[in-house]
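Thanks for coming, everyone. Today I'd like to walk you through one model, helix by helix and ring by ring, so have it open in front of you.

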Amino acid sequence: MFGDTRTALQDLKDMVAAFVKERDWEKFHTPKNLAMSVAIEAAELMELFQWSDERELTPELLLRVEEELADVLIYCLAMANAAGIDLARAVKRKMEANARKYPADTYRGRYR
């Protein structure tokens, strides 16, 4: 059974890698192409909220957000696979850097 609490990040990376390999798409998965794909899919996610002041996700919108967010993550996983990046380690390092850059006592309740 899949779910955030039951699925390891490596399982997702392996799933994406198998999908890519089955289609012989590795040759297309250059850093440039994958970075552009992440940006394109992120733009499609943003488009769902363009000109909208909705703060609540309707069931229909939630489904579309889920699909676009999955596309973004799939391309991020593909980029990590192609570049040999350990995402868990990268996220941990980045969160540690963010904690130093934005101490909670200074930034609580504000972003600047």
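Let's begin with ground rules. This is a predicted model, in which local features need pLDDT of at least 70 and side-chain atom pairs count only at pLDDT 80 or more, while totals for chains, interfaces and linings use all residues. Residues are numbered from 1 along each chain as its sequence is written, and side-chain values use heavy atoms, with hydrogens and water left out.

A word on confidence. pLDDT is the predictor's confidence in each residue, from 0 to 100. The protein has a mean of 95, and 100% of its residues reach 70 or more. Among its elements, H1 has the highest mean, 98, and helix H5 (residues 104–107) the lowest, 94. When I say helix, I mean a DSSP run of H or I with at least four residues, numbered from the N terminus; strands would be runs of E, at least two.

Now please find helix H3, residues 59–83. H3 has 25 residues and reaches 36 Å from its first C-alpha to its last. That is close to the expected 36 Å, where the expected span is 1.5 Å times one less than the number of residues. Which residues of H3 are buried? They are Leu61, Val65, Glu68, Val72, Leu77, Ala78 and Ala80. Buried means under 20% relative accessible area, exposed means over 50%, and partly exposed is in between, using a 1.4 Å probe and protein chains only. The cover over those buried residues includes H1, H2 and helix H4 (87–101). Just after H3 comes Gly84, with a positive phi near 70°.

Next, the core. A nonpolar core is a set of buried Ala, Val, Leu, Ile, Met, Phe, Trp, Tyr and Cys residues joined through side-chain atoms within 4.5 Å. The largest one here has seven residues: Val16, Val20, Leu34, Leu77, Ala78, Ala80 and Leu87. Helix H1 (9–22) and H3 each supply at least two of them, and H3 gives the most, with three. Take Val16: beyond its neighbours within four places in sequence, Val16 contacts Ile74, Leu77, Ala78 and Asn81, contact being heavy atoms within 4.5 Å.

On to the aromatic rings. Rings of Phe, Tyr and Trp (its six-membered ring) pair if their centres lie within 6.5 Å; planes under 30 degrees apart are stacked, over 60 edge-to-face, and the rest tilted. How many aromatic pairs does that rule give? The count is two. Phe19 and Trp25 are edge-to-face because their planes stand at 75°, with centres 5.7 Å apart. Phe19 is partly exposed at 42%, and Trp25 is partly exposed at 36%. The other pair, Tyr102 and Tyr107, is also edge-to-face, at 5.1 Å and 85°. Tyr102 is partly exposed at 38%, as is Tyr107 at 23%.

Arg23 joins the first pair. A charge sits over a ring if NZ of Lys or CZ of Arg is within 6 Å of the ring centre and within 35 degrees of the ring normal. Arg23 lies over the face of Phe19, 3.5 Å from the ring centre, and its charged end also sits over the ring of Trp25, 6.0 Å from the centre.

Finally, two loop residues. Asp24, between H1 and helix H2 (31–47), has a positive phi near 55° without being a glycine, and is partly exposed at 44%. Trp51, in the loop between H2 and H3, has a positive phi near 60°. Is Trp51 buried or exposed? At 82% relative accessibility, Trp51 counts as exposed.
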